[in-house]
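Biologist: I should like to understand how the charged side chains of this protein are classified. Please take me through the reasoning behind each term.

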Amino acid sequence: MKTLILLLFLSFNFSFAQTQDETAIRKLMDDFMQCIKTRDEAKFASLFQEPVLWTGIYKDRTQAKRLEKNPKAEYYFTDDYKAFIRSFKDDKSEEKFDNIKIIEDGAIASANFDYSFWYDGKMENWGKEIWTLMKIHGTWKITSVTFSMDLTEYFPQPSPKERTKKQ
């Protein structure tokens, strides 16, 4: 009986620790979105741990449409978070996340989610985004951002229900 109580206690404490880390990662994601809205470069930079890999790739169907317009259009691109946040000239940009799945062990984590990028109330692009994170001195930091992209001028984002069904 004592062993069962101890196991339940340890299990509860372990679950609580995971919940705290997941909550902290979700807060980091909220901060990321808020920094885009406010164009807060300093706060945005504080979310990352150098070196940071930042890579995007167009989905095949969007790339095919892009190639129709420009046969030399690149399939993927690399950038960095500094150039990303500096690219916003006004407060009309916004990124939204949903269908978030976080896997973490208290030291490293991945956040996998659907994103949509908006400008002036209109969705511009959407896709999947995956972050890897590390917990450094008790704070979660982003170490890589990798994402796929469809352009809404070619392909509208499916509804959350359609995305869930597809998965």
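Modeller: Let us begin with glutamate 104, which is found in strand S3 (residues 93-104); helices (H or I, at least four residues) and strands (E, at least two) are DSSP runs, numbered from the N terminus. This is a predicted model, in which local features need pLDDT of at least 70 and side-chain atom pairs count only at pLDDT 80 or more, while totals for chains, interfaces and linings use all residues. Residues are numbered from 1 along each chain as its sequence is written, and side-chain values use heavy atoms, with hydrogens and water left out.

Biologist: Why is glutamate 104 said to have no salt bridge?

Modeller: A salt bridge is a side-chain nitrogen of Lys or Arg within 4 Å of a carboxyl oxygen of Asp or Glu. For glutamate 104, which is buried, the nearest side chain of opposite charge is lysine 135, 7.0 Å away, so the criterion is not met.

Biologist: What lies 2.7 Å from a polar atom of the glutamate 104 side chain?

Modeller: The backbone nitrogen of glycine 106 lies at that distance.

Biologist: How many salt bridges does a search of the whole structure find?

Modeller: The search finds 11. One of the salt bridges joins aspartate 31 to lysine 27, with the closest N and O atoms 2.9 Å apart.

Biologist: What separates aspartate 31 and lysine 27 along helix H1?

Modeller: They are four residues apart in helix H1 (residues 2-38), and therefore separated by about one helical turn.

Biologist: Why is aspartate 31 called buried, and what is lysine 27 called?

Modeller: Buried means under 20% relative accessible area, exposed over 50%, and partly exposed in between (1.4 Å probe, protein chains only). Aspartate 31 has 14% relative accessibility and therefore counts as buried, whereas lysine 27, at 47%, counts as partly exposed.

Biologist: What makes Lys27, Asp31 and Lys43 a network?

Modeller: Aspartate 31 also forms a salt bridge with lysine 43, the closest N and O atoms being 3.8 Å apart. Aspartate 31 lies in helix H1 and lysine 43 in helix H2 (residues 41-45), so this pair ties together parts that are 12 residues apart in sequence. Salt bridges thus link Lys27, Asp31 and Lys43 in a network.

Biologist: How do you know that lysine 59 and aspartate 150 meet in a salt bridge?

Modeller: Their N to O distance is 3.6 Å, so the pair satisfies the cut-off. Lysine 59 lies in the loop between strand S1 (48-58) and helix H3 (60-69) and aspartate 150 in strand S6 (residues 139-151), so the pair ties together parts that are 91 residues apart in sequence. Aspartate 150, at 0% relative accessibility, counts as buried, and lysine 59, at 24%, as partly exposed.

Technical notes:
Lys, Arg positive; Asp, Glu negative; His and termini not counted. Polar contact = N/O pair within 3.5 Å; in protein donor to acceptor, adjacent residues only side chain to side chain.
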